[in-house]
Amino acid sequence: MVRDDLYITVPSFFRCPISLDVMKSPVSLCTGVTYDRTSIQRWLDNGNNTCPATMQVLYTKDFIPNSNLQRLIQIWSDSVQHRVDSPGSKAVNESDSVPSRDQVLTAVVDVEGKSRVDPLMKIVRFALDSDENRDFLVKIEGFVARLVDLLLNVNGGVEVLELVVKALDLVLEKIEDHEWLNNSMVKKQREGESRCDCLDSLLLVLQHGSSDSRIASVRVLKSIAMDAESKQLIAEKEGLLSELLKLITPEKDPLLIENGLSCLIAISTPKQNKVKLVNLGAIRTFSKLLLEPNMSVSIVEKVLKLLETMSSRKEGRVEICEEPECVAAILNKVIKISNVATEHAVTTLWSVCYLFRDQKAQEAVTKANGLTKILLLMQSNCSPSVRKMCSDLLKIFRVNSKSCLSCYDTKTSHIMPF
């Protein structure tokens, strides 16, 4: 992490309330207060059962990764490091602190000039500093339109595009007229305008940008995938879906994987897009993620959601059943992950094994000790819909699995654990 003893103004909410250092892995307690993982884990390991900042007694010691804050910290850190590493740069000084509102107003005008990097960096630093600053930015007349115009007409290379996408990502939640944003960035291209395509610019960032700018790019893509038409236009952009699939391989940054999956979920609802993803090898990519032992609950849930979506198409079901270990990987996530993961996993298994009676899928479930897991799931506090699908699955295997089912007593609802 970048040192903050070089006159750099560090946003206060980037600092851990315990260590007062910039957080490397921010996590939130049930009280809503965010700490650096190492600091709060040490506090809890010492036997404390309260929130250090509020002193409230914790009803659970579990904490949740604060992905949004981690993303903001990464963008801020990269921005500072860029200035430190720039040719001719000496130490970061007071002039690199958060710009004033007057300076930002000037920067918004200057982005239309020849030198765009410096004003864009000022805008990004200003937006990172506070929620109030982001509110201020979106209320500047023509600010968001200037950013979109830069994506449409930019000739400053990837560095400018990265800053534009970061700035746009930071204010996405503040933009009230998302329909205008969608029309400006996606649907205008269908009218045959001679300008560059916004999707081309976002694709360029996905291909050549840093990890945090790629995250910003997929978040922008997700936000403009508002309806069937825009989702279709995004999927039709040559190379875009392929690049999104490259971003979600196990070796990539978990935050990038999670955002990439969210973007794919938003895009994949039209049936044509499901088929395109299947043909591009999405099932194999999803299977590899499920087989990774250290993926977060959120990533597993999103992968299973996408597999459930793919299973609604014949092409998807065929690939799920043909892909080695895919059914077994789904089955392994049926229990002990989360209720959301269970729902998606069981729905996918129900689709391929019960609804469409695929023989290979049924064999994979049997081979992976799936009947025992389904029986155990039925004894848990699962939802009525999950219980009904489990019951349907058991009907499929009853004839060939009498020995397994003999341990299941429907009257006592008792099953020996494995």
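Threonine 285 sits in helix α15, which spans residues 282–291. This is a predicted model. Threonine 285 is buried, at a relative accessible area of 15%. Which residues does threonine 285 contact, once its neighbours within four places in sequence are left aside? They are Leu245 and Ile248.

**Leucine 44 and helix α1**

A second buried position lies in helix α1. That helix covers residues 37–45 and includes leucine 44. The relative accessibility of leucine 44 is 8%, so leucine 44 counts as buried. Not counting residues up to four places away in sequence, leucine 44 touches Leu58, Lys61 and Phe63. Take lysine 61: 17 residues separate leucine 44 from lysine 61 in sequence, and their C-alpha atoms are 7.5 Å apart in space.

The loop between α1 and β3 (64–65) holds methionine 55. Methionine 55 is not a glycine, yet has a positive phi of about 65°. Most residues other than glycine have a negative phi.

Lysine 336 is another such case. Its phi is positive, about 70°, although lysine 336 is not a glycine. Lysine 336 belongs to the loop between α18 (326–331) and α19 (339–355). Is lysine 336 buried or exposed? Lysine 336 is exposed, with a relative accessible area of 80%.

**The buried side of α8**

Helix α8 runs over residues 178–185, and its buried residues are Leu181, Asn182, Ser184 and Met185. Why do these residues lie on the same side of α8? They cover an arc of only 165° around the axis, which puts them on the same side. The general geometry is familiar: an α-helix has 3.6 residues a turn, so residues three or four places apart point the same way. What covers the buried residues of α8 includes two helices that precede it in numbering, α6 (143–153) and α7 (158–171). The cover also includes α9 (198–208), α10 (211–224) and α11 (228–236).

**Cysteines**

How many disulfides does the count come to? The count is zero. A disulfide is a covalent bond between the sulfur atoms of two cysteines. The cut-off for the count is 2.5 Å between the sulfur atoms. Cysteine 321 shows why one candidate fails: its closest cysteine sulfur, in cysteine 353, is 6.9 Å away, too far for a bond. Seen from cysteine 353, the closest cysteine sulfur is that of cysteine 321, again at 6.9 Å and too far for a bond. Cysteine 321 counts as buried at 12% relative accessibility. Cysteine 353 is buried too, with a relative accessible area of 1%.

**Aromatic rings and charges**

The structure holds three aromatic pairs. The table lists two of them.

| Aromatic pair | Centre to centre | Angle between planes | Geometry |
|---|---|---|---|
| Phenylalanine 13 and phenylalanine 14 | 4.8 Å | 70° | edge-to-face |
| Phenylalanine 126 and phenylalanine 136 | 5.9 Å | 65° | edge-to-face |

The pair of phenylalanine 126 and phenylalanine 136 links distant parts of the chain, with the two positions 10 residues apart in sequence numbering. Phenylalanine 126 is in helix α4 (residues 117–129), and phenylalanine 136 is in helix α5 (residues 131–138). Both phenylalanine 126 and phenylalanine 136 are buried.

The other listed pair is mixed in exposure. Phenylalanine 13 is partly exposed, with a relative accessible area of 30%. Phenylalanine 14 is buried, at 0%.

Two arginines lie over ring faces. Arginine 317 lies over the face of phenylalanine 356, at 3.3 Å from the ring centre. Arginine 357 lies over the face of tyrosine 354, at 4.8 Å from the ring centre.

**The chain as a whole**

How many helices and strands does the chain have? There are 23 helices and three strands. The chain has 418 residues, and 50% of them count as buried. Among contacts with a separation of 6 or more, 66% join residues 24 or more positions apart. The chain exposes about 20,200 Å², of which carbon and sulfur atoms supply 49%.

Technical notes:
Residues are numbered from 1 along each chain as its sequence is written. This is a predicted model: local features need pLDDT of at least 70, side-chain atom pairs count only at pLDDT 80 or more; totals for chains, interfaces and linings use all residues. Side-chain values use heavy atoms; hydrogens and water are left out. Buried means under 20% relative accessible area, exposed over 50%, partly exposed in between (1.4 Å probe, protein chains only). Helices (H or I, at least four residues) and strands (E, at least two) are DSSP runs, numbered from the N terminus. The arc is that of the directions from the helix axis to the C-beta atoms. Contact means heavy atoms within 4.5 Å. Accessible areas come from the Shrake-Rupley method with a 1.4 Å probe; for residues, only the protein chains shown count as cover. Rings of Phe, Tyr and Trp (its six-membered ring) pair if their centres lie within 6.5 Å; planes under 30 degrees apart count as stacked, over 60 as edge-to-face and the rest as tilted. A charge sits over a ring if NZ of Lys or CZ of Arg is within 6 Å of the ring centre and within 35 degrees of the ring normal.
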